[in-house]
Every structure is written in C-alpha cells, then in structure tokens.
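Student: I've got a structure open and I'd like to learn how to read it. Can we walk through it together, one feature at a time?

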Amino acid sequence: MTEIIQKVKNLSIGFKSKKGEEILILRNISTNIKKGETVGIVGESGSGKSTLALAMMGYVKHGLYTIGGECEFNSSNLLKMKNRDLEKIRGRKIAMIPQNAGQALTPNLKIGYQIDEALQLHSDLKEEEREKKISELLNKVRLPSPETIALRYPHELSGGQQQRVAVAMALAGTPDLLLLDEPTTGLDVTTQAHVLELLNFIAKDTGTSMVYVSHDLGAIAQVSDRIIVMYSGEIVLEGPSRDILKKPIHPYTYGLLKSIPKLSLAGLPQSMPGSQPQPGTIHRGCSFFDRCDFSEEKCKNNSPQLEYLEELNTSVRCFNHKSLMNDSQVNQTVNEIKTSTQDKEILNLSEVSISYAKQKLLDQVLNRISDDNPTVKDININIKKGETIALVGESGSGKSTILKSIAGLLRTKGGIIKFDQNRNLSSDLKERDPNDLRIIQLIFQNPDESLNPNHTVEEIIAQPLKLYFGLKGEELKKNIIDLLQKVRLGEFYMSRYPRQLSGGEKQRVAVARAFAAKPDIILCDEVTSALDVSVQAAVLNLLQQLKEDFGTTYIFVSHDLAVVRAISDRVAVLYQGRLCEVGPSKDVYQFPSHPYTEVLLGAVLEPDPDIKPKLVAEDIVEEKPPQKGCSFQGRCSRILGDICKNEVPTWQITNSGNSIRCHIPLKELQKDQIN
Amino acid sequence: MKLDNIYQEEKKSNFAKVSEIIITMASRPSGFIGLSILIFHVILAFISPYVAPYDFKAINPTLMLQAPSAEYWFGTDDLGRDVFTRTILGGRTALTITFFGSLIALLWGGLLGIFCGLVGGKTDDIVMRIVDAFLSIPWILAMLLIVSLLGTSTEVLIPALGFFYGKGIVRVARAATHDVIAKDFIVSARARGHSNFSIIWNEIIPNVRDAILVEGAMRWSWMLLGFSSLSFLGFGVSPPTPDWGLMISNARGLMSFAYWSVIAPIVGLSSLIIGINLTADAFAKALGIDRSTKAPV
Ligand SMILES: Nc1ncnc2c1ncn2[C@@H]1O[C@H](COP(=O)(O)OP(=O)(O)OP(=O)(O)O)[C@@H](O)[C@H]1O
Ligand code: SF4
Ligand code: SF4
Ligand SMILES: [Mg+2]
C-alpha cells in the first residue's frame, strides 16, 4: 500500500450564527491523500471545497472554527499546531496555489527576485545554489528562456505565464503536498489547457501529491486520479476518476455530468432543478433530497451514510446507489433547440471599427477618432430576427467591446450599425431616442455587479417598466409578478435584496429586467460563466424558452465553446478584434476551420478522461493586433510566410455557408486538420 | 456575517432599519457610552434654559470666584456668574451651530463629491484641484478672515463652518462614487437611458449614503473642536453668551486659584467630542464600514 501523507478524520468546521446556532460548513469529512496521487475535489460554490483544502494546510478562515476532527500530516494534527510550527510546514512541506495566484505576484519586483524570496523562505539553499535553482524551477514550469524571464516584471508576462511562475514559487520548497484552489479559473481556454498539462507533467515528474479544487469537472477530469464530490459540506461520492466520470453512482454527480454541455452535442443539456441548500438549513434527511430524481420517502427523514463499496473502490452517500449502478452510463439527452430564425434582418454591422486609443487634441476638437490600428476592425455581420449568434474568442478579443458599441455605451470609430434594415443607430448613447435604447437590452456576466445591492427585486424590475412604459401602482406590480413568473421565480421574491438570492436566482432577476423592456435584441455578455454548472443549464434553458416565446434575438458572448455550441444558431470567431470565421454553429464546429478556431476547439476541456485537449498553438498573448496581414499570424502554427504577414486574407465560403478568413485554401485546411 | 443575511426575508421599513442600527451601536460598550454621552448632551441642550438655577448673565461683584458650594455647585466666575448655569447652557450654541454646520457640509460635500465621481475626467480633475487647494489653507486663518469681514453671527458661522468641513466629505463621497460607478448596474442604467439625475438618486446615493453619513458624523466632532477654538480666540460667539470655548478662554488665567471655573467647561467640551467620536465610530461599525485605518484630516 502506498504511503498516506494527509489524513483527514471526521473534520467539521463551522461558525456561530447571530442567533448563536452552530452552522456547519464542513460536515464530518474523512479522506486520505496518498503519496504521489492527484485528488480532485469538485463541488458548487458554497459546498465547502476551499474550506477543506485550506484545512489541509492547517488554516481555518477568520470567523470559522474547527468543531471536531483533525487533519493529520506527518502524524501530527495541523489544526492543533502552533503557528510557529505551522510556518515550518507551510510552503516547505505543503504548498498552496490560490486562485489568481499569477495576478497576486508583487507587481514591482522581478520574477527572479520573487522566486528567490520563496527559496530563502522555504529552503535551506545557499545563495549560489539558489541562483541555479531559480532557472531550474523556471525550466520545470516550461517558461521559455528562464534567464530573461527571471529579469522581467509580472506585468510583462501573460496570464498563463504568471500562473506558471506561481507554480514555480510553490515548488520552491519541494513540497510533498501541493494544494491548488481553482488554479485555472479565470484563465483563457487555451491557457487553461496548457497550465493543466503542465501540472500533469509536474505531478509525474516530481511525485508530488496534489489536491486540485475546482468547480469545473472538465479541468478535474484532466488531472486527477481520484475525485471527491462535495455537496453541501459533505462528501457524497469519492472514487477513481474514470469510474466517477463514466459511471457516477450518486444522483448529484449523475445530474451534474448531464447538465454540462458537450462539444459533440448540439442542444441544451437537461438542468437540475433547484439549488444547493444554504449551510445550516438542512436538519435531517439527505441534503440532495429536494433536487434528486431518485429520491424515495425514506430519504426525506434519514440521512444516508458514506458507504464504501469494496468492488468499486468507491464511497457513496446515497440509499439508492444500487439502482444507479446498473444503468448509470451518462446518456446525455439534450433538449433540441428549435431555431426561430426568420428571414428578416434585425441588426446589421457593417465595417464597424472601435478604438480605445487616447485621442489627440486636434481629433477631439474635430470630434473624430483617428487610429490606424483600432482594437476592433472590419466587423461585418448581419443578424436575423430570432437568431442566436455567438461571439467567441479569448479574453481581449473584443467581444465585450462590440457589445458595448451595439448598446451605444462605446462610440464606434467607423462603420454603421443598422437596426431593422433601415434605422441607423447613432453610436452615441445620448443621441439615441428612448425607443432605440429600449429595443436593445444587456445582461451581464456577474449578477452581483449588475444588480444594485440596495434595491429590492421589485425595484430592480420596476425600473425599465417605469422608464419605458410609465407604469404605476397595481399595473406595475402585476407586470413585475408576471415577469418573475416568466423567469420561474415566485411573487415572494419581490421584497428580497440581491444578497438574499442565490447566483442563479440573481441572474434570473437580471433576465427579467432585460425582458421587462420588451426588447428586440438582448446582448448577453458571459451570462452563465459566473454560475455553477448545475445552474448554468437552467439559465440557458430559460433563455431559450423566453426566446421562443418572444421571438427575441440574442447576441451571446462567451468563451465557453461548449455552451456556445448548445445555444447558438450561428457563431462568429474573433481574434484580436478581427473576425476569423463566421458560420452556422454545426459547421464552425467541424473542419475545415480557421486555424484559430482549431486552437480553441482543441483546448476545450471535457469531463471525460478519454478526451484530452489538443494543444495546437502556444498560449502567448499578444498585446495589440498586427498592423497588417492576418490577425492570427503571431500564433498560427500553419502560417504560410510573407503572404500571411502582409495581406489580410479574404473570406472563403464553404458549401454550407461557413466563411473562413485564411490564406490556406479550404481543401488543404480540411486535409491537414483531419489528419 | 454575510451568510446570516440570507435568512432575513422581509424588506424592512426605514424605522426598523434605523432602530436596528441604533441597537447594534448600543450593543458595543464604546458605542453605548458614546450614545449615552451624546444623548445626555442633546437633552441637556434642550432643557437647560428651563432648569438653569440662575441667570447666566447676572453679574454679581460680591460673589466673584466663589469655590463650589451647595448653593453654587460649580462655583462662580470672575464676574460672579454661576458656573453651573453657564456650563449647562454653554453646549447649546456649540451643538446647534455645529449640527447645522455639519448638515451643510454633508449636503454640499456629498453632492459635489458624487458629481465629481460621476462625471470624472477633466471636470473632476479641476474641481478636485480646487478642493485640494482649499484643503491646504489653514482653516483657522480663513475662518478668522471670514468672521472679521462678516461678523460672528450664527448666520455667518454655520455656513462658514459648513463650507470648511465639507471638503473632507467631498473626498469620501467622490471615492465612494468611484467605486460604485464602475459596477455593471450603473452601466445597465446608462444603457437603458436613465437620466443622470435618476442614476444619482436611485443607483448611486443608496450605495454611497452610509460612507458619507459616517464621514459627516466624524466631521461633526472636528467642527465642534474648531468652533470652540474660534470662541476661545474670541472669534466665535460673543459674550455674554455662555459658551465653553469662551469660558475656557476667560478663565484660563485663573486656573491656578479658581480651577473650577475652567474645569467645568473643559469637561463639557471634551465629553461631547468624545461622545460624538465614539458614536460615529459605532455608527460606522454598525453599517459595516471600517474607519480604523483612516486618519482624520
Ligand atoms: N477601457 C479600455 N481602455 C483601453 N483598452 C481597453 C478598454 N477596455 C478594453 N480594452 C482593450 O480592448 C481589447 C478588447 O477588450 P474586450 O473587453 O472587448 O475583450 P473581451 O473579448 O470581452 O474579453 P473577456 O473575455 O476578457 O471579457 C483588449 O485588448 C482590452 O485590453
Ligand atoms: S439518498 Fe435519496 S435523496 Fe439522497 S441522493 Fe440518494 S436517492 Fe437522492
Ligand atoms: S492567413 Fe496565414 S496566419 Fe492567418 S490563419 Fe491563415 S495560415 Fe494562419
Ligand atoms: Mg468581456
């Protein structure tokens, strides 16, 4: 048997509520981390996964306290240890990479210096040895030319490179256990795939045990040997990675896997009803009871225990796991989306360009924008009524910028935005009349930011109703209740404040507010990326339903290609503010593709151990679009040479109407990509 | 703790909100002490004209500098006036003037700060430069100039103090507005086409109100000190109006042999300032705003 390096025994952590009740965040957790293995901990936000990871290094967040149990490392309980002794372990024996670790680097210190500091703190190396060790570490995390990287400042590195530096610093003390809390969340798809591949390599190379915490089953699937699924502060399923992903025998995991959109499947995944109960609200029975498709009478009042199944080497907390064992291949069924695209054109962008450059005084006086290399350029798209068109691309590709211009929040530098075939929309918000503003509504990524924390749900939804339709009194109230019903929220939500709602509920309120204006077009900017997967599917289904009912047109921005695949009729791929490929979604997801689309598709992480990401190009980030030639030349692995550097490629159109902007002839692209 | 909020369902009436804040404030020892002192002073200011045992301006040369006794609890001053009477009346003017002064400071400082935060850019830059320039003038000199030109009537003192102590509020209001303005709910309101007025009133003010009120409360205690210093220098209210600053100034030469005539107003003034300070701190804590890191300007 392999050596166990961390033993968590009956761990409970919680806090005291204002009323003096003890509220549990972690409930009786027991698990072992073996030497050299990578354990993934998945769960929705609030399931306690980060609290567990922090406890594994002897840290309990301010306001929380250990109610019982222990975390044993090297046969001593970290939770009872003195701070002085813990300092000797943290960073040396157990290291942690928190979320956004890359961004947390000190901005005014050189990379090499920061790693050196970590080495001084966490190792006993002498000065000369440290210098060697720095380049060794930078090499290990596969940063190009370690000597020059060491001399750079954090802001001179891309997000992925910063994350690698964070990994290098964590490895400075040659830890036995590496804890990673959402290490790739917030990174671009391509970067994410590269960082995960690096972590896999390091796990094999150094034999370090890793605990990988994430809400993203796709990422977990790529790195872990074993998976722990948490729900509401408990472990509900724990076992070998492959079995859990292929044959989940707990209803929650089963539902979770079914609600994740897949690249290979068009149409919306089934959603799981409800949301995870808040800590302290479960008093008896199975905590998943409300949302469970397999529940029985006895689940209501009796709490299932974690049961170890010898033959599967799996622990499960469910009375009914046997019935799932027989037919638990995750046969994903999707709700086919009906396209409601009509022939009528509703919005047309022609030759739109947008610049963020600071304007010179003369240009300001003449009220014009001059910038020969604007952030967004040459955007030509026409959008049909009732269509869902998605804009995809990495961070910084100009997706939000284009949405802002359509909404009038950002002036365009040139080009025309035309509504309903004949109405030119002014590029300045102040010049648009109220009706022009009403027809286009926005839904934002993060409902915490887009809902005023000091307004009740009623006040939030009332705003557009009062503004555009002048509703008052009973009629206003009736309309609000109506809208709440449409987004599947009850009337009693009216008096709540955003902080009293779950993430999914908040986003529903934001959706209701957008629909209150009776808009023709809704701009959705990453509307599901702040949501848990189980909730994401529900919001996507809701958006689809509303669209079918009202004939609304969506412009849907997302970095998640699987989500885009699920909901959109047409996809436009952007790189550095320039269009690369535009076409019906089923064709964009098939070869031939633009080389950039190929990179994006290759990097998608699926919750399936058999589908590994294909890393086609480097994950470098370019600051600015190139002055001339193809926008993707800097990263293209298929680059042809001078022609790509000098000439902007023309559009090539496939038989199915997919447009690709690349110098390589379609036939060759297809041939290369299929091989 | 944040999680607790989830369980409170009802939208509360304003009255319920205010009483909850006061209860939270009073539940901390320092807040309780501060509130008690402040309430004591406010009540005293209201009732003192009716309970004062003597006439505050009755000069009696035969009773000069009497030590405290059963008849004259705090003794008498150099003109034979009852120090107890003058002490309990001495807070009235200070409290009234600074209270209204603070309201004025809140109003203009808050509105200008919100405006600057909202418009940003050049206008904001220019306005803040001007505010900074004012901040760097020693306020006491400027006040002296103002009162020597316009006199020391209440109508002059209230707006003048309100003006000087509003500068700090501008900064706080502007910073708070800056934080809010970047949020998507403001972008959303803009995109919907709400007017600037509606955005300020509905979206910004509810989110910056707390920070501004806390700052206002803090400014109040500073203004009180400032006002008393003016009186002390002889530029505040004029004699024979009973006023702590004035009383301290008059009696300071007598400290060595008639300590009572100076101790009473000092205790009055300092207890009120401490009271307001503690209350403002408790208020900030009850609203979840941490002031501890900020040094007063
Ligand atoms: N206010 C601004 N001033 C200057 N440059 C900006 C500004 N906002 C965005 N940019 C730049 O414009 C480009 C496009 O940004 P945009 O926000 O549209 O990207 P995005 O595709 O929405 O990315 P993400 O997925 O990160 O939201 C980026 O290079 C970004 O750095
Ligand atoms: S115990 Fe019952 S309610 Fe809980 S997951 Fe199993 S079947 Fe569902
Ligand atoms: S035009 Fe050239 S650089 Fe651009 S995508 Fe095609 S091959 Fe790559
Ligand atoms: Mg964006």
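Student: Let's start with charged side chains. What do the side chains of B:Arg209 and B:Asp210 meet in?

Tutor: Side chains of opposite charge can pair when their charged atoms come close. In this predicted model, B:Arg209 and B:Asp210 form a salt bridge, at 3.7 Å from N to O. B:Arg209 is partly exposed, with 40% relative accessibility, and B:Asp210 is partly exposed too, at 25%.

Student: Which residues do shared salt-bridge partners join into one network?

Tutor: Look over at chain A for that: A:Arg242, A:Lys246, A:Asp608 and A:Asp610 are joined that way. If you search the whole structure, you get 31 salt bridges over all chains.

Student: How many residues apart are A:Lys88 and A:Asp85?

Tutor: Three, which is about one turn of the helix, and both sit in helix 2 (residues 83-89) of chain A. Their salt bridge has its closest N and O atoms 3.9 Å apart. A:Lys88 is exposed at 55% relative accessible area, while A:Asp85 is partly exposed at 31%.

Student: And B:Arg174 with B:Asp124: which helices does that pair link?

Tutor: There the closest N and O atoms are 2.7 Å apart, again in a salt bridge. B:Arg174 belongs to helix 7 (residues 154-181) of chain B and B:Asp124 to helix 5 (residues 121-136) of chain B, so the pair links distant parts of the chain, 50 residues apart.

Student: Is B:Asp124 buried or exposed?

Tutor: Buried, because its relative accessibility is 4% and the cut-off for buried is under 20%.

Student: Now whole helices. How many residues of helix 8 of chain B are buried?

Tutor: Go through the helix one residue at a time. In helix 8 (residues 184-192) of chain B, seven of the nine residues are buried, which leaves the helix mostly covered. Among them are B:Phe185 and B:Ile186, along with charged residues such as B:Asp184 and B:Arg192. Just after this helix, check the backbone of B:Gly193, where phi is positive, about 95 degrees.

Student: Which residues does A:Gln463 touch?

Tutor: Leaving out residues up to four places away in sequence, A:Gln463 touches A:His455 in chain A, and B:Arg192, B:His194, B:Asn202 and B:Glu203 in chain B. You'll find A:Gln463 in helix 17 (residues 457-469) of chain A. A:Gln463 counts as buried because its relative accessible area is 10%. And B:Arg192 is one you've already met, among the buried residues of helix 8 of chain B.

Student: How do I read a sheet? What is the strand order in the open sheet of eight strands?

Tutor: Follow who sits beside whom, then look at the direction of each pairing. The order is 20-21-22-17-23-24-26-25 in chain A, with mixed pairing. At the edges are strand 20 (440-443) and strand 25 (651-653) of chain A, each pairing on one side only. Ignoring direction, neighbouring strands are turned by 20 degrees against each other on average.

Student: In which sense do strand 17 and strand 22 of chain A pair?

Tutor: Parallel, over five bridges, between strand 17 (residues 388-392) and strand 22 (residues 553-558) of chain A. For one bridge to click on, A:Val392 has A:Ser558 in strand 22 as its partner.

Student: Let's zoom out. How many helices and strands does chain A have?

Tutor: Chain A comes to 25 helices and 26 strands. Its radius of gyration is 26 Å, close to the 26 Å from the globule rule for 675 residues, so chain A is as compact as a globular protein of that length. Buried residues account for 57% of those 675. For contacts in chain A between residues at least 6 apart in sequence, 69% join residues at least 24 apart.

Student: Last thing, confidence. Where in chain B is it lowest and where highest?

Tutor: Where pLDDT is low, the predicted coordinates should not be read in detail. In chain B, helix 1 (residues 2-5) is lowest, at a mean of 38, and helix 8 is highest, at 91. Over residues 1-9 of chain B, pLDDT is below 50, although the model has 20 contacts there beyond near neighbours in sequence. Residues 292-297 of chain B also stay under 50, with two contacts beyond four places in sequence. Chain B as a whole averages 81, and 93% of its residues score at least 70. For the complex, the predictor gives an ipTM of 0.77 and a pTM of 0.82.

Key: Residues are numbered from 1 along each chain as its sequence is written. Chains are lettered from A and ligands numbered from 1 in the order in which they are written. This is a predicted model: local features need pLDDT of at least 70, side-chain atom pairs count only at pLDDT 80 or more; totals for chains, interfaces and linings use all residues. Side-chain values use heavy atoms; hydrogens and water are left out. A salt bridge is a side-chain nitrogen of Lys or Arg within 4 Å of a carboxyl oxygen of Asp or Glu. Helices (H or I, at least four residues) and strands (E, at least two) are DSSP runs, numbered from the N terminus. Buried means under 20% relative accessible area, exposed over 50%, partly exposed in between (1.4 Å probe, protein chains only). pLDDT is the predictor's confidence in each residue, from 0 to 100. Contact means heavy atoms within 4.5 Å. Two strands pair if DSSP finds at least two bridges between them. Axes are lines fitted to C-alpha atoms, for helices over the stretch in contact, and angles run from 0 to 180 degrees between N-to-C directions. The radius of gyration is taken over C-alpha atoms; the globule rule is 2.2 Å times the number of residues to the power 0.38.
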